[in-house]
Amino acid sequence: MVGLMPLVIGRPRARVWVFLGAALLLSACGTNGQTQLGTPVSKAVLQRGEALYNAQCLSCHGGATGGGLKDIPPPHNANGHTWHHPDQQITDIVLNGFSFSLDEPKMPAFKDKLTEEEVEAILAYIKTWWTPEQRQWQATVTAQTRERSLSGPDKGQGQN
Ligand code: HEC
């Protein structure tokens, strides 16, 4: 939640209305799928995402319903916390794997099995499980993360 606050408070009012408008749009679109605010996703991409999800992710993460916040592996539906993370972070976790602690089961890396485009399709499919509010919040955090990476202090510095 912290990430959203500066945007709502610190930016011009018009921005807030853009996001409110987008929220209405998202709720109107229902499960047609949106990766970003205002970017519709084709049915073909969603079907591809669904097939890939069922083959690669379902066995560990479960499907559209069930599960809870404390489950490991976590559900990717509206009961989980995947929607708390921007697209960039989710994509990184899927491609490169992730482990919160050594005692927990690990999220395997998929970079040898899936392309970035395929991960995008999977993510578009997962997003159809979220509520309009979750989709809106996550799209905002994703946009903020993109802005930060474009204008951040590290840009072009090439350290390491
Ligand atoms: C072998 C089981 C397994 C498979 C298969 C698997 N995961 Fe995971 N995944 C995990 C575990 C376990 C964690 C939690 C790691 C932790 O918290 O330390 C996790 C965590 C994640 C997270 C971070 C938590 C979150 O909800 O944001 C994402 C995103 C994720 N997985 C996506 C995927 C996707 C997409 C696929 C299919 C391409 C997939 N996983 C396949 C076991 C799996």
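**Exercise 1.** How many helices and how many strands does the secondary structure of the protein chain come to?

*Solution.* In this predicted model, the protein chain comes to 7 helices and 2 strands. Reading along the sequence then gives their order, which follows the pattern α-α-β-β-α-α-α-α-α.

**Exercise 2.** Determine which residues of the largest nonpolar core touch the most other members, and which helix gives the most to this core.

*Solution.* Begin with the membership: the largest nonpolar core has 13 residues, and those touching the most other members are Val119, Ala121, Ile122, Leu123, Ala124, Tyr125 and Ile126. Next, assign the core to helices, where α5 (87–96) and α6 (116–127) each supply at least two residues, and α6 gives the most, with 7 residues. Finally, take Val119 as an example: leaving aside residues up to four places away in sequence, Val119 touches Thr91, Val94, Leu95 and Leu114.

**Exercise 3.** Describe how α5 and α6 are oriented to each other, and classify the residues that make their contact.

*Solution.* First, the axes of α5 and α6 lie 10 Å apart and the two helices pack at an angle of about 120 degrees. Because angles of 65 to 115 degrees count as roughly perpendicular and those over 145 as roughly antiparallel, α5 and α6 are therefore oblique to each other. The crossing in which α5 passes α6 is right-handed. On the side of α5, the contact is made by Asp87, Ile90, Thr91, Val94 and Leu95, and on the side of α6 by Glu116, Val119 and Leu123. Sorted by character, the residues of this contact divide into 5 nonpolar, 1 polar and 2 charged.

Terms used
Residues are numbered from 1 along each chain as its sequence is written. This is a predicted model: local features need pLDDT of at least 70, side-chain atom pairs count only at pLDDT 80 or more; totals for chains, interfaces and linings use all residues. A nonpolar core is a set of buried Ala, Val, Leu, Ile, Met, Phe, Trp, Tyr and Cys residues joined through C-beta atoms within 7 Å. A residue is buried if 20 or more other C-beta atoms lie within 10 Å of its own, exposed if 12 or fewer, and partly exposed in between; C-beta atoms are placed from the backbone. Helices (H or I, at least four residues) and strands (E, at least two) are DSSP runs, numbered from the N terminus. Two residues are in contact if their C-beta atoms, placed from the backbone, lie within 7 Å. Axes are lines fitted to C-alpha atoms, for helices over the stretch in contact, and angles run from 0 to 180 degrees between N-to-C directions. Angles under 35 degrees count as roughly parallel, over 145 as roughly antiparallel, 65 to 115 as roughly perpendicular and the rest as oblique. A crossing is left-handed if the near helix is turned anticlockwise from the far one by less than a right angle, and right-handed if clockwise. Ala, Val, Leu, Ile, Met, Phe, Trp, Tyr, Cys and Pro count as nonpolar, Asp, Glu, Lys and Arg as charged, and the others, Gly among them, as polar.
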